[in-house]
Structures are given as C-alpha cells and as structure tokens.
Amino acid sequence: MEKPQNGEKEEPKASICGYDSLHRLLKDNLNPHQFQEVSRLLTGLNCGKALETIALPESATALSVEHGFDLQAFSFCADKELLREPRVVKVGLIQNSIALPTTAHFADQKKAIFEKLKPIIEAAGSSGVNVLCLQEAWMMPFAFCTREKKWCEFAEPVDGGSTKFLQSFAQKYNMVIISPILERDINHGEVIWNTAIVIGNHGNIIGKHRKNHIPRVGDFNESTYYMEGNTGHPVFETAFGKIAINICYGRHHPLNWLAFGLNGAEIVFNPSATVGELSEPMWPIEGRNAAIANSYFVASINRVGTETFPDPFTSGDGKPAHADFGHFYGSSYISAPDASCTPSLSRNRDGLLITDMDLNLCRQLKDKWAFRMTSRYELYADILARYLKPDFEPQVISDPLLHKKSS
Ligand SMILES: NC(=O)NCCC(=O)O
C-alpha cells in the first residue's frame, strides 16, 4: 500500500501523506544515502550498525498476506562477551483494531477479536517468538471514553475466557504471553482493574500486574472504571528473561519506569491505547527514553483504528459531543538500551512486530554509561520524603533584586 497514486486519489485512511508509517514515507522519498543518514539519527545504531531485518518462516509471511496484517522483523545484537553466552530472546508485539462494530452483541465482539487474533498469534508462534505481548484491554473496544457502565461486562477474572484462549497458544508454542485485560476481581467484591496477566511458556499463570497510573486527560475517562493498581512494580522471572509491564499512561511517569528497573527488569512492555491528537509526538520518545535511562529494552504497543460508540459523549472541554476517541495510531516499536530502536509498525493496520534481542546488551550499557552508579538515589529519596510531608517547602532561592525596577 503506502504510496499515493496521484493527487486525485483518496489517501488510505489515517495514513501519513499516503504512507502507513513515517519510516516508509522517508524510505520512498529520500535517496539511499539520505535515508541511511536520516535513519542513523532517527532510529540510532546498534553495535555501530543499522538494525538488521530477520527472515521469517514462509508460513508467517503467508498468514500476514492472507489476513492483511503488517509483519516486520528485526534483530538487536550485543557485543560478544568472553564469560557469558549471548542471551537472545525473540519478542513479538501485536497491535490490532476491534473486529465488529461496538453495537454488536458483547459476546460476538469478544469472539470476533479472538478470531482475528488467531492467525497473528499463529504467525508469532510459528516464527519462534519466546515472549508475546498484546495491546492494552485487547479483548474489548476501548470504551472508557463513554463513562457508561455497561462496558464493565467485558471484565473477566484472571483465569477467565481470554486467559484460557491464550494459554493454549502459550503451551503449543512454548511461548510466554502477556495478556492485558479488564480484570474482574471476584474475591474482592468483584471490583475492576486494568491488569496485565503473565502466562508462562507451559500455559501456567505466573502472575499479574495492575496499571499504576490512571489517565485523567481528554476522553480517557478510565478512572470511572477502575482504581490505581495495588501490585507495585513486579518483575516476572520467565524462561526467557526478566520482564515487567508498564501499562499505557504509566509511560509518562519516569519513577514508574525506574521502579521496574530497580527490580531488575530486562524488558519492559508498554501495552497502550492512545490517540493521535493527544500523544503521537510523545510516542516515539517516551519508550525510547525509558530504555536509555534504565538500561533495559522497552516494547511499546498501541492499538489501531477508530472505534465509534453508540451514544455521543463529552469530556468537559467545551468541545461538541462526539462518538469516537479519535484514531488509535498503532506505530508499535521496540527500543534498546543503547538508544537504537526499530521502525514502527503501521499507523493504520493490524500488525506483528518480531524482534530478536540479546539481553546481554542491558548490562553492557550499564557498564558503559554507569547510570546506576551515578544515580545518587539518596538525594531523590530525601526530596521525595520531604515532598510527601504536608509542611513541605520548595527549595527556591529568590534573587533578592527580583522586584527591583530596572533603571
Ligand atoms: N490508555 C491510556 O492510559 N491512555 C492514556 C493516554 C496516553 O497516555 O496517551
């Protein structure tokens, strides 16, 4: 797709000047040398080289053609070490739109999403993906803009239908799967959480993490549905490395990223649902910055498409009532601790991003930049402890001549 035919033809929906990613727009419009230089600055170098693409099995590419999803695959390397073998993990990220209109029966909507995801998960499994992550609240439309309570019906217990659906793939493909869902906590009064469940490569449930920071911005009226998480910053030690999940809006909180790093995460997944007008310029920066600052890999996933709801809603900003959130712009990507990153998946199509990463790179970057050793955490523990007290006074030194009139 991608290239606009001529001025008269309509551009594909939600494209950037007819291209479905910035990377593809640049590749088609710059000469090879210019493209190489622009990519070096935009996506960095890994071990001194541009990121390499990797070949995938024919079965996976055939599935992507048949079902029309974007399929891209890259490899991050690390320097060879004398005392440690490389620790290469294959990570997969899935972004997708919903499968039926939001007016369809809820059971049909959920079933249709399962059906839509099957071939994409199969493509990941047959490509040898070790750790697969889906997008935030993948088993439902992102209805939290509406404030209507009927959408709570989509919530499921940790061992509910969507977990069972994914457990079979985890077992079949020896694959860890991270499943971000709307959780119904049966044992605690049926309250609702925004939760990521970690399914082990034997199909077992390793544990869960609940979203720490709830947005209060634009149409993201999520605080109507669930509370800030109570699970801290767990790191899950899996057969394929130490992983953590920072759900969506948590990516704006540097201390949230830090805490996962302090607990030893090597890959932090950021399953998200966010829209163009609100956050698109922030998207390529925040995950990448977190990877650099914390010496781990970050895998950023965003849903795709425009979801229209039956009843218009407002968000107290004086704008007219509307029935959709805006466009979820996909653009999932992976960042490495050495400041390199993959190109993004499509802005308007379902997609699977597969990336090999040598986890040895994390320690190599810690040794190189020594961010942990230079961090001065005690300074920050001190100001945070003081800031939390009601009688906190900001440390401001005013110019004694601040109010002097200039002559
Ligand atoms: N799902 C979610 O937390 N979205 C908030 C918007 C954003 O963080 O870009």
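**Briefing: ligand site, helix H2 and two positive-phi residues**

A backbone N or O atom of Ala273 lies 3.2 Å from a nitrogen atom of the ligand. The protein covers 99% of the 280 Å² of accessible area that the ligand has on its own. The model discussed here is predicted. The points below address the ligand site, then helix H2, and finally Glu190 and Ala370, two residues that have a positive phi although neither is a glycine.

**Ligand site**

- The ligand is surrounded by 14 residues, of which Glu136, Lys211, Arg251, His252 and Thr274 are the closest.
- By class, this shell comprises seven nonpolar, three polar and four charged residues.
- Thr274 places a polar side-chain atom 2.6 Å from an oxygen atom of the ligand.
- Arg251 likewise has a polar side-chain atom by an oxygen atom of the ligand, at 2.9 Å.
- At Ala273, in contrast to these side-chain pairs, the atom concerned belongs to the backbone, and its partner in the ligand is a nitrogen atom.

**Helix H2**

- Helix H2 covers residues 32-43, which is 12 residues.
- The end C-alpha atoms of H2 are 16 Å apart, and this agrees with the expected span of 16 Å, because the helix should extend 1.5 Å a residue.
- The buried residues of H2 include Phe35, Ser39 and Thr43.
- Viewed down the helix axis, the buried residues of H2 fall within an arc of 35°, and therefore they line one face of the helix.
- The general geometry accounts for such a pattern: an α-helix has 3.6 residues a turn, so residues three or four places apart point the same way.
- His33 and Leu41 are exposed residues on the face of H2 that is turned away from the buried side.

**Residues with positive phi**

- Glu190 has a phi of about 65°, a positive value in a residue that is not a glycine.
- The position of Glu190 is in the loop between strand S5 (176-185) and strand S6 (191-199).
- Glu190 counts as partly exposed because its relative accessibility is 48%, and exposed would require over 50%.
- Ala370, also not a glycine, has a positive phi of about 55°.
- The loop that holds Ala370 runs between helix H9 (360-369) and helix H10 (377-387).
- Ala370 has a relative accessible area of 15%, and is therefore buried, the limit being under 20%.

Technical notes
Residues are numbered from 1 along each chain as its sequence is written. This is a predicted model: local features need pLDDT of at least 70, side-chain atom pairs count only at pLDDT 80 or more; totals for chains, interfaces and linings use all residues. Side-chain values use heavy atoms; hydrogens and water are left out. A residue is near a molecule or strand if one of its heavy atoms lies within 4 Å of it. A polar contact is a pair of N or O atoms within 3.5 Å; within protein, one must be able to donate a hydrogen and the other to accept it, and residues adjacent in sequence count only if both atoms are side-chain atoms. Accessible areas come from the Shrake-Rupley method with a 1.4 Å probe; for residues, only the protein chains shown count as cover. Ala, Val, Leu, Ile, Met, Phe, Trp, Tyr, Cys and Pro count as nonpolar, Asp, Glu, Lys and Arg as charged, and the others, Gly among them, as polar. Helices (H or I, at least four residues) and strands (E, at least two) are DSSP runs, numbered from the N terminus. Buried means under 20% relative accessible area, exposed over 50%, partly exposed in between (1.4 Å probe, protein chains only). The expected span of a helix is 1.5 Å times one less than its number of residues. The arc is that of the directions from the helix axis to the C-beta atoms.
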